[in-house]
Amino acid sequence: MPLVYLNGEFKALKDASISVLDRGFTFGDGVYEVVPVFNKTIFRFEEHIQRLERSLAAIYMDNPLSKNEWLSIFTKLIESIDHTEQSIYLQITRGITARDHDISLAEEPTVFVMSRPIEKNSYSEGIKAITHEDIRWQYCNVKAITLLPSVLLRHRAKLQGANEAILIRDGVVTEGAASNIFICVDGQVITPIKDNRVLPGITRDLILEIMVDNNIKCVESSIDSGLLNNADEIWLTSSTWEIAPVIELDDKKIGTGKPGPVWQKINRLYQDFKRNYCN
Ligand code: PDD
């Protein structure tokens, strides 16, 4: 039976419930992680736990569990599901208090973890994106559960027949609503620097690592919206999408309208890395 974890207990999803006074519900006061599982192996566990630590610290919370405790929870949940490809979702909120902004009232955090099969998708054949003003807050480096702007941005993309919104803040490209961005211009791969406008994506960092290991140059620098429009290739990356090539932006073809040659190469290297890591 698929299990979920809630505050120290494993149970069926239908039996997992929390108080309406949980600050996750009343304030969106919490952080989360999405950790991919390929071939039943947790991919880049250490990196995800480190990012979780940084998100927690940014909202004045301690990590309620040790690394080993996280690992054993993940392992038990993964084993409770047949699928080899899964994504673990974990969420930590500041817990249950009176509805009061004061965070010092909080005592016990709420910890929830579930794992779900990763649905088969055809993203490697190319996806469509729109551009949109980045309407999110100033701490996009924190993986906060407060995701209403991102939800609205994804919806705007969907209304225009696209999969993702590429966000522009003050004329500069930041990332996708739930993905990081790479562009390729005249053979040069560029991705925005990691600052408060961008989630430090685990997939993004891995791609940079793979490129360095294979002597392929990638520049971390700001991308203005004009450069985005001149890109030969655009890729959007996340733990569940992996590296998705964008073939249409705002109804205009990118490159030839098919996944480009640089994407083919990097995606092959990424898939090789993954296969080695998860066998
Ligand atoms: N989102 N940027 C944002 C705003 C994201 O929400 C995500 C991932 C990424 C990619 O990060 P990573 O490579 O570590 O998955 C970048 C997850 C998948 C989500 O919210 O479901």
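User: Which domains does the shell around the ligand draw on?

Analyst: In this predicted model, domain 1 (4–117) and domain 2 (123–278) each give at least three residues to the shell around the ligand. Among the elements, strand S3 (30–38), strand S9 (172–176), helix H5 (202–213) and strand S14 (233–238) each supply at least two residues of that shell.

User: What makes a residue one of the 18 that surround the ligand?

Analyst: A residue counts because one of its heavy atoms lies within 4 Å of the ligand. That gives 18 residues, and the closest are Tyr 32, Arg 51, Glu 175, Thr 203 and Ser 239.

User: Why is the pair between Thr 203 and the ligand called a polar contact?

Analyst: Happy to walk through it! An N or O atom in the side chain of Thr 203 is 2.6 Å from an oxygen atom of the ligand, and the cut-off for such a pair is 3.5 Å, so the pair is a polar contact. Ser 239 also passes, with a polar side-chain atom 2.7 Å from a ligand oxygen. For Lys 143, the distance from a polar side-chain atom to a ligand nitrogen is 3.3 Å, again within 3.5 Å. As for cover, the ligand taken alone exposes 480 Å², and the protein buries 87% of that.

User: How do you know how the shell around the ligand divides by class?

Analyst: The shell has 6 nonpolar, 8 polar and 4 charged residues. Tyr 32, one of the closest, is classed as nonpolar because Tyr is on the nonpolar list.

User: And what makes up the lining of the second largest pocket?

Analyst: That pocket holds about 310 Å³ of space. Of its 16 lining residues, the closest to the centre are Ile 118, Glu 119, Asn 121, Glu 242 and Lys 274. Strand S15 (242–249) and helix H7 (261–277) each supply at least two lining residues, and H7 gives the most, with 4.

User: Why is Lys 274 called charged, and how many charged residues are in this lining?

Analyst: Lys 274 is charged because Lys belongs to that class, along with Asp, Glu and Arg. The lining has 5 charged residues, beside 6 nonpolar and 5 polar.

Key. Residues numbered from 1 in each chain as written. Predicted model: local features only at pLDDT ≥ 70, side-chain atom pairs only at ≥ 80, totals over all residues. Heavy atoms only, no water. 1 Å grid on protein atoms, 1.4 Å probe; cavity = no way out; pocket = protein on both sides within 12 Å on 5 of 7 lines; lining within 4 Å. Points joined across faces, edges and corners; volume = space filled by probe spheres on them. Polar contact = N/O pair within 3.5 Å; in protein donor to acceptor, adjacent residues only side chain to side chain. Areas by Shrake-Rupley, 256 points an atom, 1.4 Å probe, with all protein chains shown as cover. Domains from an automatic or database assignment.
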